[in-house]
Amino acid sequence: MNSAHDLGGMDGLGPIDYEMDEPVFHAEWERRIFALTVAMGFYGAWNIDTSRHARERTPAAEYLASSYYEIWLSGLEKLLDETGLLTRAEIDARTTALRAEAR
Amino acid sequence: MPALKAKDALALLRKGGSARAKAEGPAKFAPGDRVAVRNMNPRGHTRAPRYIRCKTGTIDRDHGVFVFPDSHAHGKGSCPQHVYSVRFTARDVWGDDASSRDAIYIDLWDDYLTPV
């Protein structure tokens, strides 16, 4: 798939921004998304190549504006919805409910 | 795919999951062979980057036999085949503006390559 993940040779992205002593996870939610993705991989509904392709299918503009684990989250949500394990509608309903609780 | 049991998860996390396949298929190419990357633009998953398609390089080494991601990602089987480290000169990839001293090595599956 000729999508935004395939960046080799593209200009205009700027220099790679090295972070000294970079933590493995910049925030707790990143750690959880990594763990959730690995755990769901163990569930056996998809293989690692399928999960990579799910991340690659993040729409180009969204992909380029996303951080690494935001892309992992996007991929995981796509796989959960496509396998019927957790639909987009269920995720949206839960997000709406959590936002309402937070106010 | 059956779900992994919790007791086996820790062992797998420590060991890592390898994509190496047990099947032994014939290698189409050998180190030293000149190869061209096919003109391919699959709508699905591939590990052949766009910038290397239609470029010519030299087989540097044979890594052995691995699962083929292009088929595996879409539930079409593991289609095990040889993966090579292929050397491309910078000028073969980017043209005359590139340094004459640089080269890039890319791991490419058998199905991506044609003989030159």
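Me: A salt bridge is a side-chain nitrogen of Lys or Arg within 4 Å of a carboxyl oxygen of Asp or Glu. What makes E82(A) and R57(A) a salt bridge?

Reply: The N to O distance between their side chains is 2.9 Å. That is within 4 Å, so the pair counts as a salt bridge. One heads-up: this is a predicted model, where local features need pLDDT of at least 70 and side-chain atom pairs count only at pLDDT 80 or more, while totals for chains, interfaces and linings use all residues. Residues are numbered from 1 along each chain as its sequence is written, chains are lettered from A and ligands numbered from 1 in the order in which they are written, and side-chain values use heavy atoms, with hydrogens and water left out.

Me: What makes D110(B) and K28(B) a pair that ties together distant parts of the sequence?

Reply: Their side chains meet in a salt bridge at 3.8 Å, N to O. D110(B) is in the loop between β4 (103–109) and β5 (113–115) of chain B, and K28(B) is in the loop between α1 and β1 of chain B, so parts 82 residues apart in sequence get tied together. Those labels come from DSSP runs numbered from the N terminus: helices are H or I with at least four residues, strands are E with at least two. There's a network here too, linking K28(B), D110(B) and D111(B) by salt bridges.

Me: Why is D110(B) called buried, and why is K28(B) called exposed?

Reply: Buried means under 20% relative accessible area, exposed means over 50%, and partly exposed is in between (1.4 Å probe, protein chains only). D110(B) has 2% relative accessibility, so it's buried. K28(B) comes in at 53%, so it's exposed.

Me: And what do we call E82(A) and R57(A)?

Reply: Both land in the middle class: E82(A) has 49% and is partly exposed, and R57(A) has 26%, which is partly exposed as well.

Me: How do you know that S18(B) is exposed?

Reply: Its relative accessible area is 59%, which is over 50%, so the label "exposed" fits. S18(B) belongs to the loop between α1 (6–15) and β1 (34–37) of chain B.

Me: What makes S18(B) and R20(B) a polar contact?

Reply: A polar contact is a pair of N or O atoms within 3.5 Å; within protein, one must be able to donate a hydrogen and the other to accept it, and residues adjacent in sequence count only if both atoms are side-chain atoms. The S18(B) side chain reaches the backbone nitrogen of R20(B) at 2.9 Å, so the distance passes.

Me: Which pair makes the salt bridge between chain A and chain B?

Reply: R50(B) and D6(A), at 3.6 Å, N to O. The count between these two chains is one, while over all chains it's eight. D6(A) is buried, with 10% relative accessible area, whereas R50(B), at 34%, is partly exposed.

Me: Why is E56(A) said to have no salt bridge?

Reply: Lys and Arg count as positive and Asp and Glu as negative, with His and the chain ends left out. The nearest side chain of opposite charge is R47(B), 6.1 Å away. That isn't within 4 Å, so no salt bridge is called. E56(A) is buried all the same. It does have a polar contact with the side chain of H45(B), at 2.8 Å. In chain A, E56(A) is found in helix α2 (residues 48–56).

Me: How do you know how many residues of each chain join the contact between A and B?

Reply: Contact means heavy atoms within 4.5 Å. By that rule chain A gives 17 residues and chain B gives 25.

Me: What does "area buried" come to for these two chains?

Reply: About 1,700 Å², with carbon and sulfur atoms giving 50%. Buried area is the accessible area (1.4 Å probe) that two parts lose on being put together, summed over both. On the chain A side, N2(A), F42(A) and D49(A) lose the most area to chain B, together 35% of what that side buries.

Me: What elements does chain A have overall?

Reply: Five helices and zero strands. Of its 103 residues, 31% are buried.
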